[in-house]
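Biologist: I have a new model open and would like to understand the labels people put on it. Could you walk me through the reasoning behind them?

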Amino acid sequence: MLDIHSHLLPGVDDGAEDLEEACQMARQAVDTGTTGLVLTPHCNIPGGFQNPWSEALSQKLADFRQALQRLGIPLTLMMGAEVFGADDVAQHLASGRALTLNASRYVLLEFWTNDHPGRVARVLDSVSALGLVPVIAHPERYHFLEEDLSLARDWVGRGFLLQLNKGSVLGSFGRRVQGRADALLRARLAQVVASDGHSPYQRTATLHEVYVHIAQRHSRAYADSLLRDTPLRIVNNA
Ligand SMILES: [Fe+2]
């Protein structure tokens, strides 16, 4: 499996606190069937984590790769970002301050859970206008999606990808979020499931449990597509 949304890069956001925690999370991922993972630190959050792409981040990535090699943990690390869809986000993507997923045309975008659908639409338009494909992070957590799958259908119709969090599917964010995740799965509107892993203790970077859940409740073919095939397409820019 391939995980396109994770907070393992140590000490840069609310994810792994240090290299030791990051390696622990990587070990858990490998032990449960993940072979590759895109590091997606929070980026461009108004009043929050900024993480513009920099020499310092690049060094952290190199250190993390080296540590995995030293420990014999066979996990391919790719770089990306969970970019907050602020009004000026297109500018930051165009300049390379905010990264796409593994330098592809796919960009992982998050919004406030109580964001305004009109503002979200404007931001998505501005990102599309750059020729980039929005991968909308955890839409099941957005209140403005409630009971309104027509918005999700519209996004999918425009070629955007919807990425669900494993925790949402498994019920860690409550029944409402789980209900929305399930509705998106039943309608086959979700195209990717990722860990959004933040720590080795809670919100881990493992995917096997959600794979089994989806294979049993929906289908094995859909689980393969959500956790392996579409993520692979994204990181290969296909
Ligand atoms: Fe995240």
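Biologist: Happy to start small: in which helix does Arg27 lie?

Modeller: Arg27 belongs to helix α1, which covers residues 19-31. Please keep in mind that this is a predicted model.

Biologist: Why is Arg27 called partly exposed?

Modeller: Its relative accessibility is 35%. Buried would need a value under 20% and exposed one over 50%, so Arg27 falls in between and counts as partly exposed. As for its neighbours, Arg27 touches Leu71, Gly72 and Ile73, leaving aside residues up to four places away in sequence.

Biologist: Leu19 is in helix α1 too. What makes Leu19 partly exposed?

Modeller: The reasoning runs along the 20% and 50% limits again. Leu19 has a relative accessible area of 31%, and therefore it is partly exposed. Leu19 touches Pro10, Asp63, Phe64 and Ala67, again not counting residues up to four places away in sequence.

Biologist: Now the metal. Which residues coordinate the iron ion?

Modeller: His5 and His7 each do so through NE2, Glu82 through OE and Asp196 through OD, at 2.0 to 2.2 Å. A donor has to be within 2.8 Å of this metal, and the distances of 2.0 to 2.2 Å satisfy that. Along the chain, the donors follow the spacing H-x1-H-x74-E-x113-D. Glu82 and Asp196 link distant parts of the chain, being 114 residues apart: Glu82 is in strand β5 (residues 82-84), and Asp196 is in the loop between β9 (192-194) and α8 (208-217). Both Glu82 and Asp196 are buried.

Biologist: Why is the arrangement around the iron ion called irregular?

Modeller: The four donor atoms subtend angles of 82 to 171 degrees. A tetrahedral label requires all angles to lie between 85 and 135 degrees, so the range of 82 to 171 degrees does not fit it. The verdict for these angles is an irregular arrangement.

Biologist: What about Phe160: buried or exposed?

Modeller: Phe160 has 3% relative accessibility, and because buried means under 20%, Phe160 counts as buried. Phe160 sits in the loop between α5 (149-157) and β8 (161-165). Among the residues that Phe160 touches are Leu124, Val133, Ile136 and Trp155.

Biologist: What makes the phi of Ala103 worth a remark?

Modeller: Phi of Ala103 is positive, about 60 degrees, although Ala103 is not a glycine. Ala103 is found in the loop between α3 (89-95) and β6 (106-110). At 72% relative accessibility, Ala103 is over the 50% limit and therefore counts as exposed.

Biologist: And what is the phi of Arg203?

Modeller: Arg203 has a positive phi near 45 degrees, and Arg203 is likewise a residue other than glycine. Its place is the loop between β9 and α8. With 34% relative accessibility, which lies between the 20% and 50% limits, Arg203 counts as partly exposed.

Biologist: Last one: how do α8 and α9 pack?

Modeller: α8 and helix α9 (residues 220-235) pack at an angle of about 145 degrees, and their axes are 7 Å apart. The crossing is right-handed. On the α8 side, the contact is made by Val210, Tyr211, Ile214 and Ala215, while α9 contributes residues including Arg220, Asp224 and Leu227.

Biologist: How many residues of each class are in that contact?

Modeller: The contact of α8 with α9 has eight nonpolar residues, two charged ones and no polar ones.

Methods: Residues are numbered from 1 along each chain as its sequence is written. This is a predicted model: local features need pLDDT of at least 70, side-chain atom pairs count only at pLDDT 80 or more; totals for chains, interfaces and linings use all residues. Side-chain values use heavy atoms; hydrogens and water are left out. Donors are N, O and S atoms within 2.8 Å of the metal (3.2 Å for Na, K and Ca); water is not among the atoms, so sites may look incomplete. Four donors count as tetrahedral if all angles lie between 85 and 135 degrees; four count as square planar and six as octahedral if opposite donors are over 155 degrees apart and all others between 65 and 115; anything else is irregular. Helices (H or I, at least four residues) and strands (E, at least two) are DSSP runs, numbered from the N terminus. Buried means under 20% relative accessible area, exposed over 50%, partly exposed in between (1.4 Å probe, protein chains only). Contact means heavy atoms within 4.5 Å. Axes are lines fitted to C-alpha atoms, for helices over the stretch in contact, and angles run from 0 to 180 degrees between N-to-C directions. A crossing is left-handed if the near helix is turned anticlockwise from the far one by less than a right angle, and right-handed if clockwise. Ala, Val, Leu, Ile, Met, Phe, Trp, Tyr, Cys and Pro count as nonpolar, Asp, Glu, Lys and Arg as charged, and the others, Gly among them, as polar.
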